[in-house]
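Here is a briefing on one protein fold. Look at the sequence and the structure, then read on.

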Amino acid sequence: MFSYRHAFHAGNHADVLKHLALLAALQHLQHKDTGLWLVDTHAGAGQYRLDHDAAQTSGEAAAGVGALWRHAQGQADTPPAVRAYLEAVAACNPDGTLRHYPGSPALLAQRLRPQDRLALFEWHPTDGRLLDRQVRAWSEQWPHARITLRRDDGLRGLRALLPPPTRRALVLIDPSYELKTDYAAVVATVGEALHRFAQGCYLVWYPLIGREQAHALPKRLRALAQHHGRAWLQAELNVGTRPDPQRKAAAARGRVTTGLRASGLLIINPPYTLAEQLRTALPWVLDALRQGPGAAWRVDGGEPPRA
């Protein structure tokens, strides 16, 4: 169960979608001075080297954040949400060369205010050690930042943090779904979280793959939101498939993956500004990341039922 390592996928198109939306939601929620509890249930290693073997072997970052980075050079019409995301990536690459990719813990840690708290969960033994090292470095870099790391299952651990004392929370749930049981576990976790703290903003990432549980997951999450009378927002990005013989040959040599082509986010209690931000950003993102036939984006939303 510990075979998944996000280092091979860091900065891919799924990370672009997930982290762009995460930062846009965080920016809106931090307009209020009240402290915000931030929770990342599957934090990974925290930050990744794009010039190391893992990223170079998969090639996913080059086709993801790398393509977006290049596309944005000299562009005057970059959507605000995309610009904020790329500025956060650039902050980890001060020399202007894209070598480091900030995972969600790094993106959240960058933006912690003294009144905010960040709780990270990582169960993988290797990634947990790497993340512990990162948290120590961030604590020295930003002495005001209150960050805790729990080497535990984030889906189980989330319940102990809800409801937060400030009654404000932004929770990112993004397991690898390596195990089929992850899908049901996510639904159960979100259901319990809404029961404990219905006002929280919950971002759930999911892959779009040929698996029944993957197709059912966003439907089950929408049903939970409706049951609890909460608004929801669904965003998906499909970069398409490139019918390229050279790409297939490269994949056979282990130099690039031909795997995930689409993923989505189901957001419960989204900031009211987020839907329009994503509708503006995703067409622009898709222009940069498009691989071939089937490329598309969508943003749908639902309001809580009227009494």
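Which residues of β6 are buried on one side, and which on the other? This is a predicted model. Ala169, Val171 and Ile173 are buried on one side of β6, and Leu170 and Leu172 on the other, so both faces are covered. Strand β6 is therefore largely enclosed by the rest of the structure: five of its five residues are buried, where buried means under 20% relative accessible area. In a regular strand, side chains alternate between the two faces of the sheet.

**The sheet**

- The sheet is open and has eight strands.
- Their order is β5-β4-β1-β6-β7-β9-β8-β10, with mixed pairing.
- At the edges lie β5 (147-150) and β10 (296-302), each paired on one side only.
- On average, neighbouring strands are turned by 10° against each other, direction ignored.

**Pairing around β6**

- Strand β1 (residues 37-40) runs parallel to β6, and four bridges join them.
- Valine 39 stands opposite valine 171 in β6.
- β6 also runs parallel to β7, again through four bridges.
- Tyrosine 202 in β7 is the bridge partner of valine 171.
- A right-handed β-α-β unit is made by β6, α9 and β7.

**Pairing of β7 with β9**

- β7 (residues 201-207) and β9 (residues 262-268) run antiparallel, joined by six bridges.
- Valine 204 has leucine 266 in β9 opposite.

**Helices on the sheet**

- Helix α9 (residues 181-196) packs on the sheet and touches β6 (169-173), β7 and β9.
- The direction of α9 makes about 170° with that of β7.
- Helix α12 (residues 274-289) also packs on the sheet, where it touches β8 (232-238), β9 and β10.
- The direction of α12 makes about 170° with that of β10.

**Helix α9 against helix α10**

- α9 and α10 (residues 212-227) pack at an angle of about 10°, and their axes are 10 Å apart.
- The two helices are therefore roughly parallel to each other, as angles under 35 degrees count as such.
- From α9, the contact involves Tyr183, Ala184, Val186, Val187, Val190, Gly191 and Leu194.
- From α10, it involves Gln213, Ala214, Leu217, Arg220, Leu221, Leu224 and Ala225.
- By class, this contact of α9 with α10 has 11 nonpolar, two polar and one charged residues.

Key:
Residues numbered from 1 in each chain as written. Predicted model: local features only at pLDDT ≥ 70, side-chain atom pairs only at ≥ 80, totals over all residues. Heavy atoms only, no water. Pairing = 2+ DSSP bridges. Axes fitted to C-alpha atoms, helices over the stretch in contact; angles between N-to-C directions. Contact = heavy atoms within 4.5 Å. Parallel < 35°, antiparallel > 145°, perpendicular 65-115°, else oblique. Nonpolar A, V, L, I, M, F, W, Y, C, P; charged D, E, K, R; others polar. Buried < 20%, exposed > 50% of the residue type's maximum accessible area, 1.4 Å probe, protein only. Right-handed = clockwise from strand over helix to strand, strands pointing away.
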